[in-house]
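The exercises below are intended for a reader meeting this structure for the first time. Please attempt each task before reading its solution.

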Amino acid sequence: MTTPATDPTPGSSMLKQPRAVWAVAFACVIAFMGIGLVDPILKPIADDLGASPSQVSLLFTSYMAVMGVAMLITGVVSSRIGAKRTLLAGLALIIVFSALAGASDTVGAIVGFRAGWGLGNALFIATALATIVMSASGSVAQSIILFEAALGLGIAAGPIVGGQLGSISWKAPFFGVAVLMTIALVATAFLLPATPPAARKTSIADPFRALRHRGLLTVAVTALFYNMGFFTLLAFAPFPLDMSASQVGWVFFGWGLLLALTSVWLAPVLQRRIGTVPAILAALGFFAADLAFMAVLTDSKLALVIGIVLAGAFLGVNNTLITEAVMGAAPVERPVASAAYSFVRFSGGAVAPWAAARLGEEVNVHAPFWMGTGVVVLAMVVLLVGRRSLPGHAARPSATDEAELIAVGDLD
């Protein structure tokens, strides 16, 4: 591991960044909006096109499945054509496929175009953090916080934008993303300097080799089960809520807002005080209890609203800390570790929406939330069994110091 460099401007403000950084950060916000954007319009799509919940849930499945597989090739692509070209390629794909999804009149077509959208998102997201770190002024830790803030803002804004545009038509959110991403593409093209290809070309086999390290495999499988609970909540909850697109958007806005706040501010505090693994276990435990609460009280809209919003707090803590745990879990480059981890965890995000919807159709509306509870408990068991393979995270490391080590090491 490389010794972190001294921050040349320790007193600099995180907000004083080059225009190139703000262009990429803006694009990050829009890209992450895509995760929650379709939540408020799932039921309107099903009602308008005569589709079942399990059919509509495939909008998440195709998106996450393609994104997970594509993560295996993002390093291969960016190391050969450079970060800027990879970012622009990802943005262009998102623009094309989101617009095509908005122009579609069948669930099958929308599902297919969401898959293309997932490919674009993979190319963009996998490159954005490294680009912000390379281009930003101030400390590396500030750059990572800026990225996390963009992520949180995008996740929080996605449902509210989807809900408000969805109240006009379920097609409007798709076209809205295409317009916003076009602005982001133009800004990135003009403001971000050209980036050369990497000195070392990444192989598609590198992520699979990385999974031989028990620490990385432990965190990845933990995230697989956790993501199943995450996307059970995201993809199925709008159906028992049975609210308008605008109302569902406001509910998930509260969820996303708590997620953003806890990921940036609460997660580092918990990490310093009790350690990474204990904090992840606590967040998973509270999330499992929250899903069980929703499973018992699924017939109460108030209980569902409370459960959804509270879930954001637990998910925000877990998202930040489990991502940091990944980067120290194996002696491999950060992009390789990220690709391997993302490939495994997004498998859970691909399976869960469809499985939850089928349970809701075939059993009852309580069953999907019980499934979510069970898989999150499984995530806790996997992490408990494999925690000794993460010796560096059993202590209480500084979140800032660890982030600097990770990101600066990645730049060398």
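Four exercises follow, each with a worked solution.

The model is predicted, so local features need pLDDT of at least 70 and side-chain atom pairs count only at pLDDT 80 or more, while totals for chains, interfaces and linings use all residues. Residues are numbered from 1 along each chain as its sequence is written, and side-chain values use heavy atoms, with hydrogens and water left out.

**Exercise 1. The chain as a whole**

Determine how many helices and strands the chain has, and what percentage of its residues count as buried.

Solution. Begin with the helices and strands, which are DSSP runs numbered from the N terminus (helices: H or I, at least four residues; strands: E, at least two). The chain has 16 helices and 0 strands. Next, consider burial, where buried means under 20% relative accessible area, exposed over 50%, and partly exposed in between (1.4 Å probe, protein chains only). Of the 412 residues, 57% count as buried. Finally, take contacts, meaning heavy atoms within 4.5 Å. Among contacts between residues at least 6 apart in sequence, 87% join residues at least 24 apart.

**Exercise 2. Helix α4 and the core**

Compare the reach of helix α4 with its expected span, and identify the residues of the largest nonpolar core that touch the most other members.

Solution. The expected span of a helix is 1.5 Å times one less than its number of residues. Helix α4 (residues 83-102) has 20 residues and reaches 29 Å from its first C-alpha to its last, close to the expected 28 Å. Its buried residues include L87, L91, I94 and I95. Among the elements covering the buried residues of α4 are α1 (19-37), α3 (53-81), α5 (107-135) and α7 (172-191).

Turn now to the nonpolar core, a set of buried Ala, Val, Leu, Ile, Met, Phe, Trp, Tyr and Cys residues joined through side-chain atoms within 4.5 Å. The largest one holds 116 residues, of which F174, L233 and W255 touch the most other members. Beyond its neighbours within four places in sequence, L233 is in contact with residues including F252, W255, F287 and L315.

**Exercise 3. Salt bridges**

Which residues are joined with K43 into one network?

Solution. A salt bridge is a side-chain nitrogen of Lys or Arg within 4 Å of a carboxyl oxygen of Asp or Glu. The whole structure contains 6 salt bridges.

1. K43 and D47 form one of them, at 3.3 Å from N to O. Both residues lie in helix α2 (residues 42-49), 4 residues apart, about one turn of the helix. D47 is exposed, at 54% relative accessibility.
2. K43 also pairs with D242, the closest N and O atoms being 3.3 Å apart. Because K43 lies in helix α2 and D242 in the loop between α10 (238-241) and α11 (245-274), the pair ties together parts that are 199 residues apart in sequence.
3. R358 and E362 form another salt bridge, at 3.2 Å between the closest N and O atoms. Both belong to helix α14 (residues 334-362), 4 residues apart.
4. Through shared partners, salt bridges join K43, D47 and D242 into one network.

**Exercise 4. A nonpolar surface patch**

Which helix gives the most residues to the nonpolar patch?

Solution. Patches are made of residues with over 30% relative accessible area and no salt bridge; like charges are joined within 9 Å, and nonpolar side chains (Val, Leu, Ile, Met, Phe, Trp, Tyr) within 5 Å. Here F293, V296, L297, L302, I306, L310 and W370 form such a patch, with about 640 Å² of accessible area together (Shrake-Rupley method, 1.4 Å probe, only the protein chains shown counting as cover for residues). Helices α12 (276-296) and α13 (301-327) each supply at least two of its residues. Helix α13 gives the most, with 3 residues. L297 is found in the loop between α12 and α13, and L297 is partly exposed at 36% relative accessible area.
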